[in-house]
Amino acid sequence: MAKFDLNDSSVVVIVGSGAGGGTLGNELAQKGVKVVILEAGPRIENQDFVNDEWESFSQLAWTDARTTSGTWRVAKDFSGLPAWIVKAVGGSTTHWAGASLRFDEHEFRVKSTYGNIPGANLLDWPVTLAEMEPWYAKAENKMGVTRTNGIPGLPGNNNFKVLEAGAKKLGYKTVHTGNMAINSQPRDGRGACQQIGFCFQGCKSGAKWSTLYTEIPKGEATGNLEVRPSSMAVKIEHDSSGKVTGVVYADVTGAMQRQKARIVAVAGNSIESPRLLLNSASTMFPDGLANSSGQVGRNYMRHMTGSVYAVFEKSVHMYRGTTMAGIIRDEAVNNPKRGFVGGYEMETLSIGLPFMAAFLNPGAWGRSFTSALDGYPRMAGMWLVGEDMPQETNRITLDPVVKDKFGQPVASVHFDDHPNDVAMRAHAYKQGAAVYDAVGATVTYPTPPYPSTHNLGTNRMSEKPRDGVVNKFGQSHDVKNLFVSDGSQFTSGAACNPTLTIVALAIRQADHIAGAMQKKEI
Amino acid sequence: MREVDRRSKHSRRVFLKGAATAVPVVTVATSVAVSVEGAWADDASALSPATMKTLLKVARDIYPHDVLGDSYYITAIKPWDGKAAKDPAVKALISDGISRLDQNARDRHKVGYAEVPWEADRVVLLKEIEGSDFFQKVRGDLVVSLYNQKEVWPRFGYEGSSAEHGGYINRGFADIDWLPKA
């Protein structure tokens, strides 16, 4: 395995090892580029994952201090935990459910399609679906997405069967077990899904794609990739010409190290990535690195989300098998007649008893609450995920008071729902309940959004430098050898889960970076 | 469909003072439970036995599950005593919170909280202090300490860890048999 010198200024330093950083690291390594990945969390291999929600949360979740504000309920119920993401090698690809969907054509052209929505800072992406299609295809092949590349769909579990029966009664047409980056048959050295039911706690069998046991070991095998776990980036440095020169990070002992770099790519998720850029402010860049537009940290999106759980007369045991076991796609279209722009997906979701108690209705108590939990074995559940509106005022800033153990200001996350988000959620709750009512639900529970799993948009792509932070390749408008490689480059969120698009963008970005390096452009 | 065995596998060791006791728990469980009732509360060092017993009642009233015996709630609230022993602020939070609840109960019903006979009346008393730090901390702790007990899970038809059993691929992940034909 490679080990690069701290003073080796020929390496590409990537901050983060998740869907964006882990993929970019491997892709570059395969092309012969030397890469150092700085990962804030420890390396925990999949055999060490635990099928226990709270224990796993302690093992994997990002629980470093963050602050929250805004009218979203998460700020009240989980004020220190705005996001449910991972601090470990593999990032949130250890925790993700595996849903791998492509954007629709219009979802890259939201400004042109939706027009002027008051309060929304809409912008078309500087890329189109046509441009992205070959990269989506590469991503699907890499990840082994079901229903692509001749890979069969996963078998439906009980939770899916309830969803499917209700959907069909209601007349929904596009209902299936999803496009999942979970092996339905052995592939790429990994086995088929054992229906363990703890996708969110890290897949112990390795059937679900995660950079932890795919991209990262493949990259390491080339001899061009070094992953440094428990290495928390605190500042990106630059020279007097404005080019970045390296990353200062705290190593596993807490000692500060400086890794020199030819190129720096930031992939720390949409909360930490802008935080790092803002914390890297200097005399030359007083508002933070790559922030001449003032858009770093802004347009924070988290998807319109919510869940519907329904209780039936007889058992469901929804927790058995794949957490996200199927999907209804009929509402994902843009049909403003419903009272909102954009669309949403309906995807099965199951959480165990401990998390159901924590998330069903945070703060609730008494018999109405315990009656719902008494119905747990007879429950089916779905997650609602749709496009939310980018708003300039939804943003990540540096907390003026709270600092981390290295003395760096922590991220403060402000979020208010846009009226479009509220209208979409109300529609989604109603349709979700209707699906279950159609097959005899005795009661349905609209469940508020969990801490954010899809964090997007805080370093967005734009054609013009004044509108965003990075160009169509994720390259900073201001600093040529600085890239953003995670979901924070999203110009808009689309209805679907973001990981496939993050991976497709990372593969495309690796191609761009390697080309530019060869041409000595950077 | 494969149903989950809901019968309690929970030994009543929580009622017994010595964890290493050789008493065959299952055969004498009922009598043991009666004879040493309250003994668990006498173990408390920082908080008074009366406070612990009232806290038990409060816990039951916050998350009432009639299918669960007191032992699960005792397991859930007992750690407060240890936390109170370590931190005077926690001791004050719990003691003062219970005192206030008892006072409110006496004003209204002439007896302490735990002696108010009907749940509905006790819930009214809890509603009054719902916004207090005491209530919020106790509830916030309980939502984890009660529902995160592995012994509780089968009572709710939840099977917990599955990887060591090979997942559910051969254990009923798709065995639902009552849905209407599509």
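In this tour, helices and strands are DSSP runs, a helix having at least four residues and a strand at least two, numbered from the N terminus. Keep in mind as you click along that this is a predicted model.

**Stop 1: chain B as a whole**

Select chain B and colour it by secondary structure. Read along the sequence, the pattern is α-α-α-α-α-α-α-α, and the tally is eight helices and zero strands. Chain B has 182 residues, and 31% of them count as buried. If you like contact maps, look off the diagonal: among contacts in chain B between residues at least 6 apart in sequence, 61% join residues at least 24 apart.

**Stop 2: helix α8 of chain B**

Now select residues 133–145 of chain B, which make up helix α8(B). From the first C-alpha to the last, its 13 residues reach 18 Å, close to the 18 Å expected at 1.5 Å a residue. Show the side chains of Phe134(B), Val138(B), Leu142(B) and Val143(B), the buried residues of α8(B). Why do they fall on the same side of α8(B)? They cover an arc of only 150° around the axis, and that puts them there.

What covers these buried residues? The cover includes α3 (49–62), α4 (70–77) and α6 (88–109) of chain B, together with α9 (353–359) of chain A. That last helix is a good cue to bring chain A into view.

**Stop 3: where the two chains meet**

Highlight the contact between the chains, which takes 34 residues from chain B and 37 residues from chain A. On the chain B side, the largest share, three residues, comes from α8(B). Colour that side by residue class and you should find 22 nonpolar, nine polar and three charged residues.

**Stop 4: a hairpin in chain A**

Move to chain A and select β6 (residues 232–238) and β7 (residues 244–250), which run antiparallel and are joined by six bridges. One pair to label is His238(A), which stands opposite Val244(A) in β7(A). The two strands form a hairpin with five residues between them. In the turn, click on Gly242(A), where phi is positive at about 90°.

**Stop 5: the six-stranded sheet**

Next comes an open sheet of chain A with the strand order β4-β11-β12-β13-β10-β16 and antiparallel pairing. Which strands stand at the edges? They are β4 (175–176) and β16 (443–447) of chain A; each has a single partner strand, so one side of each is left without a neighbour in the sheet.

Inside this sheet, zoom in on β11 (residues 327–328) and β12 (residues 344–348) of chain A, an antiparallel pair with two bridges. Here Ile327(A) stands opposite Glu347(A) in β12(A). Then add helix α6 (residues 158–170) of chain A, which packs on the sheet and touches β4, β11, β12 and β13 (379–386) of chain A. The direction of this helix makes about 70° with that of β13(A).

**Stop 6: the three-stranded sheet**

Finish with another open sheet of chain A, in the order β3-β15-β14 with mixed pairing. Its edge strands are β3 (67–69) and β14 (395–403) of chain A, each pairing on one side only. The twist from one strand to the next averages 35°.

Select β14(A) with β15 (residues 409–414) of chain A: they run antiparallel and are joined by five bridges. Label Thr397(A), which stands opposite Ser412(A) in β15(A). Last, show helix α8 (residues 269–279) of chain A, which packs on this sheet by touching β14 and β15 of chain A. Its direction makes about 65° with that of β14(A).

Key:
Residues are numbered from 1 along each chain as its sequence is written. Chains are lettered from A and ligands numbered from 1 in the order in which they are written. This is a predicted model: local features need pLDDT of at least 70, side-chain atom pairs count only at pLDDT 80 or more; totals for chains, interfaces and linings use all residues. The expected span of a helix is 1.5 Å times one less than its number of residues. A residue is buried if 20 or more other C-beta atoms lie within 10 Å of its own, exposed if 12 or fewer, and partly exposed in between; C-beta atoms are placed from the backbone. The arc is that of the directions from the helix axis to the C-beta atoms. Two residues are in contact if their C-beta atoms, placed from the backbone, lie within 7 Å. Two strands pair if DSSP finds at least two bridges between them. Axes are lines fitted to C-alpha atoms, for helices over the stretch in contact, and angles run from 0 to 180 degrees between N-to-C directions. Ala, Val, Leu, Ile, Met, Phe, Trp, Tyr, Cys and Pro count as nonpolar, Asp, Glu, Lys and Arg as charged, and the others, Gly among them, as polar.
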